[in-house]
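Hi,

Here is the structure I said I'd send over. Have a look at it first, then read on for what turned up.

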Amino acid sequence: MDLGISGKFAVVCASSRGLGRACALELARAGCVVVVNGRDATALEQTAQEVRDLTGATVHAVAADVATHDGQRAVLAAVPQVDVLVTNNGGPPLRDFREIDRDAMLAGVVGNMVAPIELIQRVIDGMVARRFGRIVNITSGSVKMPLAGLDLSSGARAGLTGFLAGVARSVAHANVTINCLLPGSFDTRRLRSSLETAATRSGTDVATVRAAKEAAIPAKRFGDPAEFGAACAFLCSASAGFVTGQSLLIDGGAFPGVM
Ligand SMILES: NC(=O)c1ccc[n+]([C@@H]2O[C@H](COP(=O)([O-])OP(=O)(O)OC[C@H]3O[C@@H](n4cnc5c(N)ncnc54)[C@H](OP(=O)(O)O)[C@@H]3O)[C@@H](O)[C@H]2O)c1
C-alpha cells in the first residue's frame with residue numbers, strides 16, 4: 001500500500017529497539033528517509049543497518065539521550081527538515097508510588113511529557129509552513145487503564161496527552177496532525193524485563209508469568225511490534241490528514257471499555 005510519504009523526512013526517537021524500531025522500519029518501508037535514535041551506539045548502528053538492508057531506505061543513526069536538549073538538537077539536525085516525528089522514550093521503572101522522590105518524579109515527567117513537547121516545539125512551525133506534518137507520540141495503555149507501580153508513567157503520559165489535545169487542534173488547518181498510540185502488552189525487551197521482575201517477586205518462572213498475562217488478554221497473546229509499526233505508519237500517511245488529537249489503543253482488547 002502506498003502511504004504517500006515517500007521521500008519525507010522522519011525522525012523516530014528511541015528507536016534502536018522495540019516499538020520505536022518497528023515504527024522506524026515501517027516508515028522506511030513507506031519510503032521515508034529515517035533517523036533512528038538510542039543511547040547505546042552499538043545497538044543503534046546495528047538497527048540502522050538492519051533497516052537499510054530490509055528496506056533500501058536512507059537511515060541516519062544518532063546516538064543521544066532524547067530527554068536532553070543536546071540530544072533533541074542532534075536527532076533533529078540529522079535531516080534538513082522534519083516531516084514526520086515519532087516521540088518515544090524509555091518509561092520510568094516499576095515502583096511503588098510512595099518510593100518516588102521528587103528527583104525521580106521530575107525525571108519521569110521530563111522523559112515522558114516535557115521531552116516530547118520540546119521536540120514538537122522545535123518542529124511544528126516548519127511543518128505548518130510546509131503544510132504537512134505527522135506527529136505520533138508513543139504513550140501507554142496505562143493512560144486509560146491504571147497499572148500498579150507505573151503511576152508516574154501513567155501520570156506523565158496523561159499530562160502529555162492533555163497538553164497536546166489543544167495543540168493538535170491549533171495546527172490541524174495546516175495538514176499537521178498530532179496523535180498518540182497507546183501500546184498494551186507488546187513483546188519487547190521492556191516487557192520481557194517486567195516479566196522477569198514479576199517472576200522473581202512472585203517466586204515463579206518467567207514462562208508461567210508470561211502464560212498468565214497472555215491468557216488475561218482477549219487476543220490471548222502479546223502484540224507483535226510490527227503490528228504497532230504498521231499503525232504508526234498509517235497515522236503518518238498522507239491519507240490520515242483528517243485524524244488528529246486522537247489516542248489509539250492497541251492492546252488486543254485488554255481495556256474493557258466500550259470506547
Ligand atoms: N512494550 C510494551 O508492552 C509497552 C507497553 C506500554 C508502554 N510502553 C512504552 O513504550 C515505550 C517503548 O517501549 P519498548 O517496549 O519499545 O521498550 P524497549 O524495547 O526497551 O526499547 C526502548 C528503546 O528506547 C531507547 N531509549 C530509552 N531511553 C532513551 C533515551 N533517554 N534516549 C534515547 N533513546 C532511549 C532504547 O535504547 P537505549 O536503551 O540504547 O537508549 C530502546 O531503543 C516505552 O516508553 C514504554 O514504557 C511499552
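Which residue in strand 6 is the bridge partner of Ile 138? It's Leu 181. Before going further, keep in mind that this is a predicted model.

That pair belongs to a bigger set: six bridges join strand 5 to strand 6 (residues 176–183), and the two strands run parallel. To get from strand 5 to strand 6, the chain passes through helix 5 (residues 151–171), making a right-handed β-α-β crossover.

Strand 5 also pairs with strand 4 (residues 84–87), again in parallel, through four bridges. One pairing to look up there is Thr 87, whose bridge partner in strand 5 is Asn 137. Here the chain crosses from strand 4 to strand 5 by way of helix 4 (residues 102–130), and this β-α-β crossover is right-handed too.

Now zoom in on strand 5 itself, residues 133–138: six of its six residues are buried. Try colouring its two faces. You'll find Gly 133, Ile 135 and Asn 137 on one side, with Arg 134, Val 136 and Ile 138 on the other, and both faces are covered.

Finally, zoom out to the domains. Domain 1 takes in 9–186 + 225–250, while domain 2 is 187–222. Their C-alpha centres lie 25 Å apart. Where they touch, eight residues of domain 1 are in contact with ten residues of domain 2. On the domain 1 side, those residues split into four nonpolar, three polar and one charged.

Shout if you get stuck finding any of this!

Cheers

Note on methods. Residues are numbered from 1 along each chain as its sequence is written. This is a predicted model: local features need pLDDT of at least 70, side-chain atom pairs count only at pLDDT 80 or more; totals for chains, interfaces and linings use all residues. A residue is buried if 20 or more other C-beta atoms lie within 10 Å of its own, exposed if 12 or fewer, and partly exposed in between; C-beta atoms are placed from the backbone. Two strands pair if DSSP finds at least two bridges between them. A crossover is right-handed if, with the strands pointing away from the viewer, the path from the first strand over the helix to the second runs clockwise. Domain bounds come from an automatic or database domain assignment. Two residues are in contact if their C-beta atoms, placed from the backbone, lie within 7 Å. Ala, Val, Leu, Ile, Met, Phe, Trp, Tyr, Cys and Pro count as nonpolar, Asp, Glu, Lys and Arg as charged, and the others, Gly among them, as polar.
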